[in-house]
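Reader: I would like to go through the labels used for this structure and ask what each one rests on. Please set the values against the cut-offs where a label depends on one.

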Amino acid sequence: MERNRRSEDPRGKTCNLGPTGAGWWPGTASPSGLVLTVLAGGMVGSGPALAQPHAPEPWYRPNEFVRARLGMLARAGHARPLLSLPVFEDRNNNFGLADVGGRSVPRPADLDGDGDLDLLVGEEGGNLVYFENTGSAATPAFAGASTNPFGLTAVGALSAPAFADIDDDGDLDLFVGDDYGDTFYFENTGSSVAPAFAAAQFNPFGLANTGGFSSVPALADLDDDGDLDAILGEGYGFFNYFENTGTQTAPAFLERTGSDNPLDGLNTSTYSTPYFVDIDADGDLDLFSGWFLGEIIYYENQGTASVPVFGSGITDYVGLQDVGYWSAPALVDIDADGDLDAFVGEKLGFLRYFENTGSVDSPSFVIENPNPLVLADVGQRAAPVFVDLDDDGDLDALVGENGPSTGISSVAYFYENTGTSSVPAFGEALMNPFGLAGMGFEATPAFADLDGDGDADLLTGERSGRFFFFENTGTSLAPAFAARVINPFGCAPAGVSRTAPALVDIDADGDFDVFFGAEDGVVRFFENTGDALNPACGTQMDAPFGITGGPPYGKPAFVDVDLDGDADLFVGGSDGTVTFFENTGDAMSPAFVRRDGTDNPLAGVVVDGMAAPAFIDVEGDGDPDVFVGDAEGTLKYYHNTEEAALALILFPLDPPVIIPAEGGSFDWHVEVTNTTEMTLTRDLWVEITQEEQGVRVVRGPLVLSLAPGETLALSLTQQVPGDAPEGAYRYTVKVGTLRLAVESSATFGFSKAAGSIIPSVWGWGLDVA
């Protein structure tokens, strides 16, 4: 597409400031369109006439894509045009791999002789799932799953594969354990480049049932005599050792017990899953094993290659973390950098990948996964919501859960985003933070500033069908939640159980209304007949605005998925799927139509029961991604592959930017490009933040109208007052729809010498350079 380019005075007709038309935020003569937030001194306000602190226009963002102003923006002509329904891509495994359903046991091997490692995975149904590596030895990329390929057959349940050239004919044969403790052998009668497996043989070459209601085989030369011995993990956590007393071409296994078993005395408690490698490059084989509780146990070989002596088990070895339940490790050099990386199977069938960032003899493992909440596990019935609870410009996660079977109430798990809005990194879970307690069983949280005081309050549903309200009596920077109030504001659900609320201004009147799912599958509604400061629930409506055919145990979430300026509805259900209702009305008069099949962007999402969707722009690329909680207590991540409609380039004209104590200014340049084939009208605004003193300044919006392929270039001068606090600042320009969506953003930093501890609200002028 040919790109047009222009640079115009932003005070002209092309770039309309909005209601005042008074110019681009010059000096202290701030127009009424300006929103200025300065948190250091507790003063929040807007406009030049501000003399005393007052109730602010809320800056809390309960959802990156649905906010209280959604309808008003659409009515004012800021609605975004429909581009297309996005495609959501499963991002819960690396390299294009996919989950296999449950109890994954990965075993890498080069099955097609092309020099890279393919992957065969056992699973709870007894099948063998194959992923061909269509990438390279250094850059793996796996094709879609193929079940029981090359003549293989299922073994019953809990298949656990292990490859070895047991007959020394140059190709890889396959051993597969099952849930009864038996081992099946599939001889490769093909070749090293075209495998073909013969019919299964039952407990071949002298192998026997483990007696432990499971068999997980590993083949390794533990006595260094040139042939492969067999080690079988099993349900009681022991390691059964079968010495190969035959030859390289004609194996004969003899079980060794007691002191004749070099693994005697080692025990994982339950479900051992052995894998042998020389992890420390000392010339002998060490042992890794998973077990029922999901940790990976490392047994160092402190003996020799021919007389192994294994030390006590170590968990969390150099970064190999707990993966939940039923861990099954495999260590290979998947990226051809000379050291061993790790794939780990687990209960839900996913394949967790740990990259070795250390060296051949000094490993260090880091979990790598496109899902930033890959290790989050709240037990059962995860119900996530994303909210900026610490007002640092990125969204944190709070997850409700089922509640302990013998406990009093659900636990709220809080994961602080210690990264950024575009590169999130979630910390360790904090349970019931900020004074939260008594959320009931099967808690389903929803956040919004319900009392208009500038911070996020919490409304939860629960098993018995009530609502619990937790007022945030702290601040936007330091939340503190008061004791719960049952069925607040007259919102008393009638005739329902297992309520799950969602908060959205569905009628564009400036306050939050309440939708909620329930066990019976009906979505219900309370209109807020109060206002943004004093909410009040009207009469309960069942199946409002055409929302019919919802799933049982519904968990609603609103997002403008088709970018038409109104809130669409997704509802997670008990079967693990997500139902979609398109809003075919508008931001003031909603009307919903259920869309199925290819008209549902989340039609391909199926989690392990009790789906609970929550939307967030994970990568800061301007479109909503989604996490889906499930019955197993985990969070699945699905990436929105839609390309951003707007491209943004930002840079200071004379870096580095250092402002003296008395204040000063700096020049900067921005270019905004419309990458679509339609005219787009968008807001552009600036956010200036300094975390140490809690400063946050917001300037704008400027309304841009961009023709298809057009680039608008602007050069501007930012004034920084002398009383601005000392420290490092982030200067961020955002384009999208103010308080509705950020479609593109860019940031640079500047520093300021000594200033006031409590800054003035004035002096942050922005002028045409």
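Reader: How do you know that β17 and β18 pair?

Author: In this predicted model, strand β17 (residues 273–277) and β18 are joined by 5 bridges and run antiparallel. Pairing requires at least two bridges between two strands, so the two strands count as paired. One of the bridges has Val277 opposite Asp286 in β18.

Reader: What makes β18 and β19 a pair as well?

Author: The criterion is again at least two bridges. Between β18 and strand β19 (residues 296–299) there are 4 bridges, and the strands run antiparallel. Gly290 stands opposite Ile296 in β19. The two strands form a hairpin with 5 residues between them. In the turn, Gly294 has a positive phi of about 90°.

Reader: Why is β18 described as largely enclosed?

Author: Buried means under 20% relative accessible area. In strand β18 (residues 286–290), 5 of the 5 residues are buried, so the strand is largely enclosed by the rest of the structure. Asp286, Phe288 and Gly290 are buried on one side, and Leu287 and Ser289 are buried on the other. Both faces are therefore covered.

Reader: What share of the protein chain is buried, and how many helices and strands does the chain have?

Author: Buried residues make up 56% of the 769 residues. The chain has 1 helix and 52 strands. Its accessible surface comes to about 27,200 Å², and 51% of that surface belongs to carbon and sulfur atoms. Of the contacts between residues at least 6 apart in sequence, 55% join residues at least 24 apart.

Reader: What makes the sheet that contains β33 an open one, and which strands are its edges?

Author: The sheet has 4 strands in the order β33-β34-β35-β36, with antiparallel pairing. β33 (500–504) and β36 (541–542) are the edge strands, since each pairs on one side only.

Reader: How do you know that β34 and β35 pair inside that sheet?

Author: Strand β34 (residues 513–517) and strand β35 (residues 524–526) share 3 bridges in the antiparallel sense. At least two are needed, so the pairing holds. Phe515 has Phe525 in β35 as its bridge partner.

Reader: What makes the phi values of Phe489 and Arg498 worth listing?

Author: Most residues other than glycine have a negative phi. Phe489 has a phi near 60°, which is positive in a residue other than glycine. Arg498 also has a positive phi, near 55°. Phe489 is found in the loop between β32 (485–486) and β33, and Arg498 lies in the loop between β32 and β33.

Reader: Why is Phe489 called partly exposed?

Author: Partly exposed covers what falls between buried, under 20%, and exposed, over 50%. Phe489 has a relative accessibility of 31%, so it counts as partly exposed.

Reader: Why does Gly379 get that label too, and where is it?

Author: The relative accessible area of Gly379 is 41%, so the residue is partly exposed by those two limits. Gly379 sits in the loop between β24 (365–368) and β25 (383–387). Leaving aside neighbours within four places in sequence, Gly379 is in contact with Ala631, Glu632 and Gly633. Glu401 is 22 residues away in sequence, with a C-alpha to C-alpha distance of 7.0 Å from Gly379.

Reader: How do you know which peptide bonds to call cis here?

Author: Most peptide bonds are trans. The bond from Pro655 to Pro656 is cis, with omega near -10°. Pro656 lies in the loop between β44 (646–652) and β45 (657–659). Another cis bond joins Gly700 and Pro701, with omega about 10°. Pro701 is found in strand β48 (residues 695–706).

Reader: How many cavities are there, and what lines the second largest?

Author: The structure holds 6 cavities of 30 Å³ or more. The second largest cavity has a volume of about 150 Å³. It is lined by 14 residues, and those closest to its centre are Arg103, Val105, Ser214, Val216 and Thr273.

Reader: What makes up that lining by residue class?

Author: The lining of the second largest cavity divides into 7 nonpolar, 6 polar and 1 charged. Arg counts as charged and Val as nonpolar.

Definitions and conventions. Residues are numbered from 1 along each chain as its sequence is written. This is a predicted model: local features need pLDDT of at least 70, side-chain atom pairs count only at pLDDT 80 or more; totals for chains, interfaces and linings use all residues. Side-chain values use heavy atoms; hydrogens and water are left out. On a 1 Å grid over the protein atoms alone, a cavity is a set of points where a 1.4 Å probe fits but cannot get out, and a pocket is an open set with protein on both sides within 12 Å along at least five of seven lines; lining residues have an atom within 4 Å of a point. Grid points are joined across faces, edges and corners, and a volume is the space filled by probe spheres set on the points. Buried means under 20% relative accessible area, exposed over 50%, partly exposed in between (1.4 Å probe, protein chains only). Contact means heavy atoms within 4.5 Å. Accessible areas come from the Shrake-Rupley method with a 1.4 Å probe; for residues, only the protein chains shown count as cover.
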